Amino acid sequence: MKINVGVVFGGRSVENEISVITANQAIQAMDREKYAITPIYITKTGKWYSGDALLNVENYRDTKKLLSMCEEVYMRPVYGDTNLYRANRKLFQKESVIKLDVILPALHGTNCEDGTFQGIMEFSGIPYTGCNTLASANGMDKVTMKMILKECGIPVIDYRWFSDKEWDDKKENTISKIEELGYPVIVKPANSGSSVGIRAAHNREELLDAVDYAISFTSRIIVEKYVQKLKEVNCSVLGNYYECQASVCEVPVRSGEILSYQDKYMNGGGKQSQGMRSTVREIPANLPETSTKFIQQAACDTFRALDCDGVARIDFIIDEATDKIFVNEINTIPGSLSFYLWEYSGMNFSQLIDRLIEIAFRRKQDAGFKAVNYGENIFATKVANGAKMGGKMGGKLGK
Ligand SMILES: Nc1ncnc2c1ncn2[C@@H]1O[C@H](COP(=O)(O)OP(=O)(O)O)[C@@H](O)[C@H]1O
Ligand SMILES: [Mg+2]
């Protein structure tokens, strides 16, 4: 019996296209002897579709035509129901397309990688690969992530944060707060990705523009000290809280002031983008042994501090002026699932997916041992009988 895997990609995210590539690479790598694969594409407007036409990346040039070759589907947020349903069932057609055993989210960015999708999976009780809702949400928000890492003693670059409302109402105050860092700074939407919405600012005028630009993407903004002479190093971690390992490190090569969307996805030179595989990179990173060790340890510490599962990529910035190493961010569903880092670490993409699915089943099994009921039915006790509205307890149940 094969395992029915739903590979979910696309989504209401600026990284919709990149996710199509990640999913396509994963599907090609998956062992067909073990897995029956159902591709599920979420459109930019949030509708779900399934069908074999989704398996050819060329078809995404004309999404309208592509979707006309597919079937609209959905899952129900009802615990224990892991069916994929037809949205427009024809007469005599079965209501369910397939009963899925596990979901592999190959999604990136907002509404996808940030816990929203993972929440639906939790509701239906289906095992899914990668981080849970909390880890995904904490990992997506650069402010929350840095607060947690700082609390755990993991080095992060000095930052300030504020909301768009604060920017409107208390601009002078907010500017002073930012300028404590000293120019140049880098302004980022707290929950974007793929370098979208990010700009460096060398003076107040540029800061005003950069903040307005970032605010056009999100309401929470983070500003960091801009590291002028830096080396970026990425390291992937695979496993769970109890057992995790770090991959080899890579240095992505950038062409301008920041590692841009183009650097990340469009430098492959091939006919079509290869997702994160397109990044020009040095792999394994040519670093002193002590730096590599430090980064691999800090990557595992970050993974555990955020309670991650599956595969994540932790990105570092080395300040070459001081040789200090900082965690810049975590990607809880990394581009191309970081398979190229694991290949260098002796695990091919197919084995990586086996491991992700194994971890997903393991988490589900462990969760089954945790109590979801506590004590008796409170409504059947005397206390509750006195708790009706206007009753002896004034309608209040002791919490
Ligand atoms: N503090 C910083 N100093 C200098 N460059 C930075 C800094 N933070 C980010 N960058 C540059 O901007 C790029 C994108 O920032 P990052 O925080 O990784 O956001 P994203 O989630 O969009 O990838 C980084 O890869 C790096 O090139
Ligand atoms: Mg990044």
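Two strands pair if DSSP finds at least two bridges between them. I start there because that rule decides which strands count as partners in what follows. The model I am showing is a predicted one.

Take the pairing of strand E9, residues 185-189, with strand E11, residues 220-225. These two run antiparallel and are joined by five bridges. Among the bridged residues is Lys188, and its partner in E11 is Ile222.

That pair belongs to an open sheet of four strands, in the order E8-E11-E9-E10, with antiparallel pairing. The edges are taken by E8, residues 159-163, and E10, residues 199-201; each has a single partner strand, so one side of each has no neighbour in the sheet. From one strand to the next the twist averages 25°. Helix H5, residues 142-151, lies across E8, E9 and E11, and its direction makes an angle of about 55° with E11.

Staying in this part of the chain, there is a cis peptide bond, from Tyr183 to Pro184, with omega near -5°. Pro184 sits in the loop between H7 and E9.

That brings me to helix H7. How do H7 and H8 pack, in angle and in distance between axes? H7 covers residues 171-179 and H8 covers residues 204-215; the angle is about 110°, and the axes are 12 Å apart. That makes H7 roughly perpendicular to H8, given that 65 to 115 degrees is the range for that term. The crossing is right-handed. On the H7 side the contact involves Glu172, Ile175, Ile178 and Glu179, and on the H8 side Arg204, Leu207 and Leu208.

Now to the N-terminal part. Strand E1, residues 3-10, pairs with E2 in the parallel sense, over eight bridges. One of the bridged residues is Val5, whose partner in E2 is Ile37. Together with helix H1, residues 16-29, the two strands make a right-handed β-α-β unit.

E2 itself spans residues 35-42 and is mostly covered, with seven of its eight residues buried. E2 also pairs with strand E3, residues 48-50, this time in the antiparallel sense and over three bridges. There, Tyr41 has Tyr49 in E3 as its bridge partner. The hairpin of E2 and E3 has five residues between the strands, and Gly46 in this hairpin takes a positive phi near 95°.

What do the buried residues of H3 pack against? They pack against E1, E2 and E3, which I have just described, and also against strand E7, residues 102-105, and helix H4, residues 133-140. H3 itself covers residues 116-124, and its buried residues are Phe117, Gln118, Gly119, Met121 and Ser124. Gly125 follows the helix, with a positive phi near 75°.

Next, two residues other than glycine with positive phi. For Asn111, phi is near 65°. Asn111 is in the loop between E7 and H3. Is Asn111 buried or exposed? Neither term applies: its relative accessibility is 33%, so Asn111 counts as partly exposed, that class lying between the 20% limit for buried and the 50% limit for exposed.

The second is Leu337, with phi near 50°. Its loop runs between strand E16, residues 324-331, and helix H11, residues 339-344. Leu337 has a relative accessible area of 3%, so it is buried.

There is another cis peptide bond to mention, from Ile283 to Pro284, with omega near -5°. Pro284 is placed in the loop between strand E14, residues 281-282, and helix H10, residues 289-305.

The last residue on my list is Asn240. Where is Asn240 found? It is in the loop between strand E12, residues 230-239, and strand E13, residues 244-252. With a relative accessible area of 13%, Asn240 is buried. Setting aside neighbours within four places in sequence, Asn240 is in contact with Phe303, Cys308 and Asp309. As for Trp167, which is 73 residues away along the chain, its C-alpha atom and that of Asn240 are separated by 39 Å.

Technical notes: Residues are numbered from 1 along each chain as its sequence is written. Chains are lettered from A and ligands numbered from 1 in the order in which they are written. This is a predicted model: local features need pLDDT of at least 70, side-chain atom pairs count only at pLDDT 80 or more; totals for chains, interfaces and linings use all residues. Side-chain values use heavy atoms; hydrogens and water are left out. Buried means under 20% relative accessible area, exposed over 50%, partly exposed in between (1.4 Å probe, protein chains only). A crossover is right-handed if, with the strands pointing away from the viewer, the path from the first strand over the helix to the second runs clockwise. Axes are lines fitted to C-alpha atoms, for helices over the stretch in contact, and angles run from 0 to 180 degrees between N-to-C directions. Angles under 35 degrees count as roughly parallel, over 145 as roughly antiparallel, 65 to 115 as roughly perpendicular and the rest as oblique. A crossing is left-handed if the near helix is turned anticlockwise from the far one by less than a right angle, and right-handed if clockwise. Contact means heavy atoms within 4.5 Å.
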